[in-house]
Amino acid sequence: MKYWLMKSEPDVLSIDDLKSKKKTGWDGVRNYQARNFMRDEMKKGDLILIYHSSCKVPGVYGVGKVTKESMPDPTQFEKKSQYFDPKATHDEPRWFMVEVGFVKKFKQAVTLEFMKSEKSLGDMIVLKKGSRLSITPVEKKDFEKVSAFGEA
DNA sequence: GCCAACGTTGGC
DNA sequence: GCCAACGTTGGC
């Protein structure tokens, strides 16, 4: 089993949205590295730190899990979608997603500011300067530490 | 709103 | 295949 961190803007999908929807297709990712993680590496049962970006207090707000593995992202075929990709075909989809289920919302957010101050989390990719990747693998020890902080 | 960092595109 | 130009991300 692997561990991941997935970014979302709370205006688009917040941890509360995920809680009320129970699960959702993680559509709209248009970055090849992130796509490859979803297409090839994320497996059912993997746990996910749900991170909120582009908001007042960026940080990890809860935990999700992979409930369905790799499938074509339907928004690439929808002409009216902002994620429409004219080069994608049903025979050869370009973009893939996984389905993410709600696990829990932390008692307290583990903020970016806090994670930066916590030297033991220094290896996390999301903390690296200039890191824009919206899906990143997370080490088990870091997942556990962040979870512990969130539930403290 | 600014801007550094990064990814993608396209001319050559 | 290089790389300049452009677009996007995301913290601040």
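The legends below describe close-up views of a predicted model of a protein with DNA strands B and C.

Residues are numbered from 1 along each chain as its sequence is written, and chains are lettered from A and ligands numbered from 1 in the order in which they are written. In this predicted model, local features need pLDDT of at least 70 and side-chain atom pairs count only at pLDDT 80 or more, while totals for chains, interfaces and linings use all residues; side-chain values use heavy atoms, with hydrogens and water left out.

**View 1. Protein residues around DNA strand B.** Tyr32, Gln33, Lys129, Gly130 and Arg132 surround DNA strand B; a residue is near a molecule or strand if one of its heavy atoms lies within 4 Å of it. By class, this surface has one nonpolar, two polar and two charged residues. Here Ala, Val, Leu, Ile, Met, Phe, Trp, Tyr, Cys and Pro count as nonpolar, Asp, Glu, Lys and Arg as charged, and the others, Gly among them, as polar. Sugar or phosphate accounts for 59% of the atoms of DNA strand B within 4 Å of the protein, and bases for the rest. A polar side-chain atom of Lys129 is 2.8 Å from a phosphate oxygen of the strand. Arg132 has a side-chain N or O atom 2.2 Å from a base oxygen of DNA strand B. A polar contact is a pair of N or O atoms within 3.5 Å; within protein, one must be able to donate a hydrogen and the other to accept it, and residues adjacent in sequence count only if both atoms are side-chain atoms.

**View 2. Protein residues around DNA strand C.** The residues around DNA strand C are Lys7, Tyr51, Ser53, Ser54, Pro58, Leu112, Lys116 and Arg132. They divide into three nonpolar, two polar and three charged. Of the strand atoms within 4 Å of the protein, 77% belong to sugar or phosphate and the rest to bases. Phosphate oxygens of DNA strand C lie 2.8 Å from a polar side-chain atom of Lys7, 2.6 Å from a side-chain N or O atom of Tyr51 and 2.7 Å from a polar side-chain atom of Lys116.

**View 3. Helix α4 and its buried face.** Helix α4 covers residues 140-151; helices (H or I, at least four residues) and strands (E, at least two) are DSSP runs, numbered from the N terminus. At 1.5 Å a residue, the 12 residues of α4 should span 16 Å, and this agrees with its end C-alpha atoms, which are 16 Å apart. The expected span is 1.5 Å times one less than the number of residues. Asp142, Phe143, Val146, Ser147 and Gly150 are the buried residues of α4. Seen down the helix axis, these buried residues fall within an arc of 130°, so they line one face of α4; the arc is that of the directions from the helix axis to the C-beta atoms. Among the elements covering them are β1 (3-8), β3 (47-52), β4 (59-72), β5 (96-111), α3 (112-117) and β6 (135-138).

**View 4. Val146 in helix α4.** Val146 is buried, with a relative accessible area of 0%. Buried means under 20% relative accessible area, exposed over 50%, and partly exposed in between (1.4 Å probe, protein chains only). Apart from neighbours within four places in sequence, Val146 is in contact with Leu49, Val60, Phe106, Val110, Met115, Leu121 and Met124, where contact means heavy atoms within 4.5 Å.

**View 5. Helix α2 and its N-terminal cap.** In helix α2 (residues 32-41), Ala34, Arg35, Phe37 and Met38 are buried. Viewed down the axis of α2, they fall within an arc of 155°, so they line one face of the helix. The elements covering these residues include β1, β4, β5 and β6. Asn31 caps the N-terminal end of α2, with a side-chain oxygen 3.0 Å from the backbone nitrogen of Gln33.

**View 6. Two loop residues with positive phi.** Lys22, in the loop between α1 (15-21) and β2 (23-25), has phi near 75°, a positive value in a residue other than glycine. Lys22 is exposed, with a relative accessible area of 58%. Ser54 lies in the loop between β3 and β4, and its phi, near 50°, is likewise positive in a residue other than glycine. Ser54 counts as exposed at 60% relative accessibility.

**View 7. Lys107 on strand β5.** Lys107 is found in strand β5 and is exposed, with a relative accessible area of 65%. Not counting residues up to four places away in sequence, Lys107 touches Gly150 and Glu151. A polar atom of the Lys107 side chain lies 3.4 Å from the backbone oxygen of Glu151.
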